[in-house]
Structures are given as C-alpha cells and as structure tokens.
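Here is a short briefing for a reader meeting this protein for the first time. Start with the overall fold, then move on to the details.

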Amino acid sequence: MAAAAIAWSTRLTTPKPFLKAAARAVVQLAAVSAVITFVLTHLGLTWAFLVMMAAVATATSARRTDTGRKGFWVALPILVGTVPALGLLLAIGLLPVKGIALIPVGGILIGGAMTATTLSARRALDTFRDRHGEYEAARAMGFRERDAVRLVIRQSAAEALVPPLDQTRTVGLVILPGAFVGMLLGGAPVWQAGALQIVVLLALLAVEAAAVAIVVELIARGLIRRASQESEVRLT
C-alpha cells in the first residue's frame, strides 16, 4: 500500500500494479509453502517444479516485452545459460542433486535470466523503434538485415547487464544476497556460506550475459519483434 500510494501521489503510475503484485505474492507464496516440503522430498517433482518456474518466467517476459505470438522465443535466452550453469554446478559437485538445493539455486538463475531477458528485449526493441532511421540508412549502405539491427540495438541491450554487474561488484559491501544470509541463519560456517554465494553470483552473471547476447541475436534475426516493428521491417 505504501508503494502504491507513493507511485500514485507522485504520478509515476497507477496503484494497481503494486496492489496486484503484492496480492499475487501472498497467494503464490502461500501455495508454494503448502506444497514445497512434499516437492523437495521427490526428485521428479523437483525437476517438474523447475520446469514450471521456467515456463512462468517465459510467460512473464513475453508479456512484458509485448512480443505477441513470437513471445515463446524468449524461452531461449532464459534457458540457454540457466541449463548449462545448473548442469555444470551438478557435474562438479558444488550443487547436490537434492530439491533443497536445486530449487533455490535454480530459481535464482531462472529469475536472473528472466530479468535480463525482459530488460534487454524491452530496451532493444524501444531503441529499434526510436532509431529506425539509422537501421534504414545501414540497409541502404548494403548492411545485411541482421547486421543493421545489431548495429542499432547492441549497446542499449547491454544496459540490462548494469544491475548484475553492480550487484557483483558490491557484494559484501552493500549487498548481502539471500543464499549467503540464508545459510548463515541456518547455522552454516561463514566461509561455506560465502563460497556458495560467490559460485551462485558468478554463475548468475554468466547466465544473464548469455541471455542478453541471445536476445540481441534473436531480435537481429527477426525472431523477437513487436507486431508494429515486423511491418516496418517488411516495408523496408
């Protein structure tokens, strides 16, 4: 209610998104709390839960980027870094094959990839719209469509990496991430909590960098576009 009141009184936006998000958070966490113990004790259900998380992340990012029928493509940047990162952590033994470890770490990686995908896609698509004249000029100079689009959007898409870079730079000084605090509260040694957190943090940075790179490539190839931009490119 405080966030909604601030946004409304300063005319940033309407109160509805804040109230709706808070209500959803309460309902969703209540539902997860009711089933999570059962899910964590069955490895098959753990993997199913991770798949559901990825599906929800894809749907959320597709809606936020307003990509319509092509929204399913945003699953690729979300998964292209997350799946190898989880696989590597499991392969080298840093992450045990247990629900209590897979779900929180998987959720962190999927959530980070979702945020990077949404921010980079929105920024890149807005830039492509605002700088469409530069795209047309590049095409007139003989650039292929893919190269012309990349020339226009690459830098703006990379701005989605500023938050994870700042988080990594300031960890321990400004930010104490959840995995670190959670392990400390659970009684783990400080060194063990720090070691796990740095592994997760660096994996998250790689996942988000991969997500942004794939978003740029998908937009450049015309696989992620808003409907209005598809017609503009065809006319060009």
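## Briefing

Of the protein's 236 residues, 37% count as buried. The model is a predicted one. It holds eleven helices and zero strands. The C-alpha trace spans about 65 × 45 × 40 Å along its principal axes.

**Overall fold**

- Read from the N terminus, the elements run α-α-α-α-α-α-α-α-α-α-α.
- Take the contacts between residues at least 6 apart in sequence: 70% of them join residues at least 24 apart.

**Nonpolar cores**

- The largest nonpolar core has 24 residues.
- Tyr-135, Val-149, Ile-153, Val-212, Ile-219 and Ile-224 have the most contacts inside this core.
- Four elements give two or more residues to it: helix H5 (99-130), helix H6 (132-140), helix H7 (145-158) and helix H10 (190-220).
- H10 supplies the largest share of this core, seven residues.
- Val-149 touches Phe-128, Tyr-135, Ile-219, Ala-220 and Arg-225, leaving aside residues up to four places away in sequence.
- Another core, of 22 residues, lies apart from this one. Met-53, Leu-95, Ala-101 and Leu-204 are among its members.
- As a general point, nonpolar side chains tend to be buried together in soluble globular proteins.

**A closer look at Ala-138**

- Ala-138 lies in helix H6.
- Is Ala-138 buried or exposed? Its relative accessible area is 4%, so Ala-138 is buried; the cut-off for buried is under 20%.
- Ala-138 touches Phe-143, Ala-148 and Leu-151, not counting residues up to four places away in sequence.
- Ala-138 and Leu-223 are 85 residues apart in sequence. In space, 20 Å separates the two, C-alpha to C-alpha.

**The largest pocket**

- About 840 Å³ of space lies in the largest pocket.
- Its lining is made up of 20 residues. Nearest the pocket's centre lie Arg-24, Gln-28, Val-56, Thr-60 and Arg-63.
- Helix H2 (16-40), helix H3 (43-65) and H5 are the elements that give two or more residues to the lining.
- What classes of residue line the largest pocket? The lining has twelve nonpolar, four polar and four charged residues.

**Salt bridges**

- How many salt bridges does a search of the whole structure find? The search finds eleven.
- Glu-145 and Arg-225 meet through their side chains in a salt bridge (3.7 Å, N to O).
- Glu-145 lies in helix H7 and Arg-225 in the loop between H10 and helix H11 (227-235), so this pair ties together parts that are 80 residues apart in sequence.
- The two partners sit in unlike surroundings: Glu-145 is partly exposed, with a relative accessible area of 26%, whereas Arg-225 is buried, at 2%.
- Arg-225 is also one of the residues that Val-149 touches.
- A salt bridge also joins the side chains of Glu-217 and Arg-150 (3.1 Å, N to O).
- Why does this pair tie together parts that are 67 residues apart in sequence? Because Glu-217 lies in helix H10, while Arg-150 lies in helix H7.
- Both Glu-217 and Arg-150 are buried.
- Salt bridges with shared partners join Arg-144, Arg-146, Asp-147, Arg-150, Glu-217 and Arg-221 into one network.
- The side chains of Arg-129 and Asp-130 form a salt bridge as well (3.0 Å, N to O).
- Arg-129 is partly exposed, with a relative accessible area of 44%. Asp-130 counts as exposed, at 56% relative accessibility.

**Loop residues with a positive phi**

- Arg-11 has a positive phi of about 60°, although Arg-11 is not a glycine.
- Where is Arg-11 found? It sits in the loop between helix H1 (2-9) and H2.
- With a relative accessible area of 79%, Arg-11 is exposed.
- Asp-66, which is not a glycine either, has a positive phi of about 55°.
- Asp-66 lies in the loop between H3 and helix H4 (75-91).
- Asp-66 counts as exposed, at 53% relative accessibility.

Terms used: Residues are numbered from 1 along each chain as its sequence is written. Side-chain values use heavy atoms; hydrogens and water are left out. A nonpolar core is a set of buried Ala, Val, Leu, Ile, Met, Phe, Trp, Tyr and Cys residues joined through side-chain atoms within 4.5 Å. Buried means under 20% relative accessible area, exposed over 50%, partly exposed in between (1.4 Å probe, protein chains only). Contact means heavy atoms within 4.5 Å. On a 1 Å grid over the protein atoms alone, a cavity is a set of points where a 1.4 Å probe fits but cannot get out, and a pocket is an open set with protein on both sides within 12 Å along at least five of seven lines; lining residues have an atom within 4 Å of a point. Grid points are joined across faces, edges and corners, and a volume is the space filled by probe spheres set on the points. Ala, Val, Leu, Ile, Met, Phe, Trp, Tyr, Cys and Pro count as nonpolar, Asp, Glu, Lys and Arg as charged, and the others, Gly among them, as polar. A salt bridge is a side-chain nitrogen of Lys or Arg within 4 Å of a carboxyl oxygen of Asp or Glu.
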